[in-house]
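Trainee: I'd like to learn how to read a fold from the screen. Could you walk me through one?

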Amino acid sequence: MVMDVSAFGPRLETERLILRVPEERDLEPLAAAMADEETARHIGGTQSPPMVWRAIASIIGHWALRGYGFFTVEDRATGEWLGRVGPWFPHGWPQPEVGWTIKREAWGKGYASEAAARSIDWAFDELGWESVIHLIDEKNTGSQGVARKLGSRNLGRKAEVAGFGMIVDVWGQSREDWFARR
């Protein structure tokens with residue numbers, strides 16, 4: 001019996017994107033993205049398809065346990081898989097974050113910031129968050145640019161990415177700051 005995981009969360013939309021709960025059909029495109037050294041460089045490195053399968057299972061489990069998690073991001077016009085973006089708070093994280101991973105072929109088109117903005121709206125409006133962070137490697141200038149576009153700033157703190165042994169910068173903003181800009 002296969003469970004309908006769409007019941008775990010909403011389907012959100014933007015002008016160009018659909019954000020939905022991940023499903024097993026996302027394995028192939030996520031595995032391709034996570035096999036790309038440039039895409040995976042700042043998020044723990046490349047992963048084999050079995051490890052990506054575990055990651056999808058973990059994300060779906062996060063939805064079941066917390067009521068939110070990374071969304072699969074699709075192009076509304078074509079249905080093309082673009083990445084994963086959304087609220088995330090696994091064990092060991094300093095606080096809830098909105099994170100993003102977009103496949104390299106889709107970089108530079110504003111998908112990460114568009115999906116992240118919709119996710120932040122949802123986290124503040126529906127989940128009641130008071131602030132949001134983004135854990136960003138100090139060398140990841142692309143994600144720093146996305147964070148700036150969202151109105152976040154480097155908060156001057158470091159945090160360990162639990163389970164990965166990575167020390168990263170903590171970027172973020174308050175709910176008040178977010179809505180003042182929107």
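Trainee: Let me start with helix H5: what do the buried residues of H5 pack against?

Mentor: Keep in mind that this is a predicted model. The buried residues of H5 pack against strand S5, helix H4 (111-125), strand S6 (131-136) and strand S8 (166-174).

Trainee: Which residues of H5 are the buried ones?

Mentor: In H5, which spans residues 141-149, they are Ser143, Gln144, Val146 and Ala147. Look down the helix axis and these fall within an arc of 160 degrees, so they line one face of the helix. Thr141, Arg148 and Lys149 sit on the other side and are exposed. After the helix comes Gly151, with a positive phi near 95 degrees.

Trainee: Now for the nonpolar core. Which residues of the largest one touch the most other members?

Mentor: General idea up front: in soluble globular proteins, nonpolar side chains tend to be buried together. Here the largest nonpolar core has 42 residues, and Trp100, Leu135 and Leu150 touch the most other members. H4 gives this core its largest share, 9 residues. Apart from it lies another core of 8 residues, including Leu30 and Ile56.

Trainee: What does Trp100 contact, leaving aside neighbours within four places in sequence?

Mentor: Among its contacts are Phe70, Val85, Ala112, Ala116, Ile136 and Leu150. Ser143, Val146 and Ala147 are also in contact with Trp100, and those three belong to the buried residues of H5.

Trainee: On to the strands. Is S4 buried or exposed?

Mentor: 8 of the 8 residues of S4 (residues 81-88) are buried, so the strand is largely enclosed by the rest of the structure. When you look at a strand like that, remember that in a regular strand the side chains alternate between the two faces of the sheet.

Trainee: How many bridges join S4 to S5?

Mentor: There are 6 bridges between S4 and S5 (residues 97-102), and the two run antiparallel. Val85 stands opposite Trp100 in that pairing. S3 (residues 71-75) is antiparallel to S4 too, joined by 4 bridges, with Glu74 opposite Trp81. The hairpin of S3 and S4 has 5 residues between the strands, and Gly79 there takes a positive phi near 80 degrees.

Trainee: One last residue, His62: where does it lie?

Mentor: His62 lies in helix H3 (residues 49-66). It is buried, with a relative accessible area of 6%. Beyond residues up to four places away in sequence, His62 touches Gly67, Tyr68, Gly69, Pro87, Trp88, Phe89 and Pro90.

Methods
Residues numbered from 1 in each chain as written. Predicted model: local features only at pLDDT ≥ 70, side-chain atom pairs only at ≥ 80, totals over all residues. Heavy atoms only, no water. Buried < 20%, exposed > 50% of the residue type's maximum accessible area, 1.4 Å probe, protein only. Pairing = 2+ DSSP bridges. Arc of directions from axis to C-beta. Contact = heavy atoms within 4.5 Å. Core = buried A, V, L, I, M, F, W, Y, C linked by side-chain atoms within 4.5 Å.
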